[in-house]
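Colleague: Could you take me through one part of this model up close? I'm new to this, so please keep it chatty and connect the pieces for me.

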Amino acid sequence: MSNQLFTPVRVGAFNLAHRVVLAPLTRMRSEMPGNVPGPAMVEYYEQRATPGALLIAEATFVSRQGNGGYGSPGIETDEQAAGWREVVKAVHAKGATIVLQLWHVGRVSHTSLQADGGVPVSPSAIDAGLFALLEGKPGPATPPRALKTGEITEIVEQYRAAAQRARAVGFDGIELHAANGYLIDQFLQDSSNKRTDRYGGSVENRARFLFEVLDEVRQVWSADRIGVRIGPSNSFNAMHDSDPEALFSYVAAGLRDRKIAYLHVIEPRVKGSAVINDHPPIAAANLKPIFVGPVIAAGGFNAKDAEAIVSEGKVDLVAFGRHFIANPDLPRRLREGVPLNPYDRDTFYYGGVTGYLDYPTSGELETAAVA
Ligand code: FNR
């Protein structure tokens with residue numbers, strides 16, 4: 001079998017040895033209080049770093065207002081930045097490239113996660129019955145208030161400050177999280193955006209926030225070190241758009257014009273299905289002809305279908321989430337056809353070292369078998 005997944009690829013400013021990417025994964029293991037990346041996070045990323053690989057570090061809030069997970073890291077304070085610096089150092093020592101995913105959750109939050117118990121914000125004051133990752137366990141999100149037009153500029157500024165910190169600590173780039181029903185996605189899709197100002201209504205207006213944020217972080221990073229993640233067919237966090245094809249085609253064209261490093265697309269979760277929860281799929285293959293540059297696909301891939309989508313030229317790279325959680329040496333296993341460790345959902349978000357740092361590599365399994 002030809003193995004296109006393990007051929008080199010250039011993505012913006014990055015020269016990568018292969019196309020198996022660590023998907024951004026919230027693990028809620030930062031040190032509390034303070035949401036600071038500590039030694040456990042350093043070890044976790046170091047375990048998954050290999051020469052020439054691209055790692056996308058987990059969703060990281062640009063401000064406390066944008067925090068939706070107890071134990072999620074931030075990139076707002078000096079302590080958080082110092083923690084990230086150690087992560088980056090460890091990953092670079094292994095020869096990998098690492099970008100930081102910048103996150104503002106908007107309405108997927110709770111007063112207990114906000115500075116001074118504030119009410120979460122969103123384009124519109126819609127209670128979508130969501131859940132936030134509270135201390136100890138998920139719980140109902142606090143219904144949001146609508147952002148005033150002037151406040152939106154302040155959030156754009158928060159992204160700039162976060163981008164600057166990410167650069168100062170040595171990341172190779174950043175990824176904007178515009179998927180999964182968080183703030184940028186809440187602006188994009190019309191089920192969560194009922195605004196009547198210049199940020200609501202038409203596709204152009206709903207995409208304005210994304211492009212304002214992107215244009216702001218481009219003052220800090222060159223475009224070839226910025227990626228954007230979208231989830232056009234995703235109903236997670238109660239998302240829906242009345243015309244996703246028009247919306248995401250417009251978004252992909254705007255991203256192409258700005259010459260960003262890559263477009264990261266979450267594919268529909270169910271394989272081979274034409275329609276998911278009334279969302280026509282706007283999968284990576286459809287967006288690639290519009291975006292033209294490197295596209296990363298994610299969502300439910302295994303070795304075989306990842307190889308297929310890359311060798312058919314529909315996308316350029318594939319990001320793995322759950323398999324990478326359970327298999328720190330995933331690239332090697334995929335390349336050599338080594339069976340994968342199963343993942344344990346119960347330790348995805350909550351807990352300590354168990355389910356975080358203790359998944360064995362294939363080498364460790366061999367040693368155990370001999371002993
Ligand atoms: C995720 N996902 C996710 N996506 C994202 O953009 N930022 C994030 O921080 C997270 N966090 C996260 C945590 C956990 C525990 C899971 C399981 C998922 C989504 C993830 O990046 C990926 O798109 C999905 O997991 C689908 O890919 P797999 O798991 O089928 O390879």
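Modeller: Let's start with aspartate 116, which sits in the loop between β5 (97-103) and β6. Keep in mind that this is a predicted model. The phi of aspartate 116 is near 55 degrees, a positive value in a residue other than glycine. Is aspartate 116 buried or exposed? Aspartate 116 has a relative accessible area of 83%, and the cut-off for exposed is over 50%, so aspartate 116 is exposed.

Now move along to serine 122, which is part of strand β6. The relative accessibility of serine 122 is 0%, so this residue counts as buried. What does serine 122 touch, if you skip residues up to four places away in sequence? The list is Arg107, Pro144, Arg145, Ala146, Leu147, Leu183, Gln186 and Arg195.

Next comes alanine 125, in the loop between β6 (121-122) and β7 (131-133). Alanine 125 is exposed, and its relative accessible area is 56%. Leaving aside neighbours within four places in sequence, alanine 125 is in contact with Pro144, Arg145 and Ala146. You have met those names already: Pro144, Arg145 and Ala146 are among the residues that serine 122 touches. For a sense of distance, take alanine 125 and arginine 258: they are 133 residues apart in sequence, and their C-alpha atoms are 31 Å apart in space.

Let's look at the helices now. Helix α8 covers residues 284-291, and its buried residues are Ala284, Leu287, Lys288 and Phe291. Look down the axis of α8 and those buried residues fall within an arc of 115 degrees, so they line one face of the helix. What do the buried residues of α8 pack against? Their partners are β11 (226-230), α7 (244-257), β12 (262-266) and β13 (295-298). Right after α8 comes valine 292, with a positive phi near 75 degrees.

One of those partners, α7, deserves its own look. The axes of α7 and α8 are 8 Å apart, and the two helices pack at an angle of about 40 degrees. That makes α7 and α8 oblique to each other, and their crossing is right-handed. On the α7 side, the contact is made by Phe248, Ser249, Ala252, Ala253, Leu255 and Arg256, while α8 brings Leu287, Ile290 and Phe291. Sorted by type, the residues of this contact divide into 7 nonpolar, 1 polar and 1 charged. Just for orientation, the loop between β11 and α7 holds alanine 238. Alanine 238 has a positive phi of about 60 degrees although it is not a glycine, and at 41% relative accessibility it counts as partly exposed.

There is another helix pair to set beside that one. Helix α1 (residues 39-48) and helix α2 (residues 78-93) have axes 9 Å apart and pack at an angle of about 25 degrees. Therefore α1 and α2 are roughly parallel to each other, and α1 passes α2 in a right-handed crossing. The α1 side of the contact is Met41, Val42, Tyr45 and Glu46, and the α2 side is Trp84, Glu86, Val87, Ala90 and Val91. Here the residues divide into 7 nonpolar, no polar and 2 charged.

Last stop: proline 33, in the loop between β3 (20-22) and α1. A cis peptide bond joins methionine 32 to proline 33, with omega about -5 degrees.

Definitions and conventions
Residues are numbered from 1 along each chain as its sequence is written. This is a predicted model: local features need pLDDT of at least 70, side-chain atom pairs count only at pLDDT 80 or more; totals for chains, interfaces and linings use all residues. Side-chain values use heavy atoms; hydrogens and water are left out. Buried means under 20% relative accessible area, exposed over 50%, partly exposed in between (1.4 Å probe, protein chains only). Helices (H or I, at least four residues) and strands (E, at least two) are DSSP runs, numbered from the N terminus. The arc is that of the directions from the helix axis to the C-beta atoms. Contact means heavy atoms within 4.5 Å. Axes are lines fitted to C-alpha atoms, for helices over the stretch in contact, and angles run from 0 to 180 degrees between N-to-C directions. Angles under 35 degrees count as roughly parallel, over 145 as roughly antiparallel, 65 to 115 as roughly perpendicular and the rest as oblique. A crossing is left-handed if the near helix is turned anticlockwise from the far one by less than a right angle, and right-handed if clockwise. Ala, Val, Leu, Ile, Met, Phe, Trp, Tyr, Cys and Pro count as nonpolar, Asp, Glu, Lys and Arg as charged, and the others, Gly among them, as polar.
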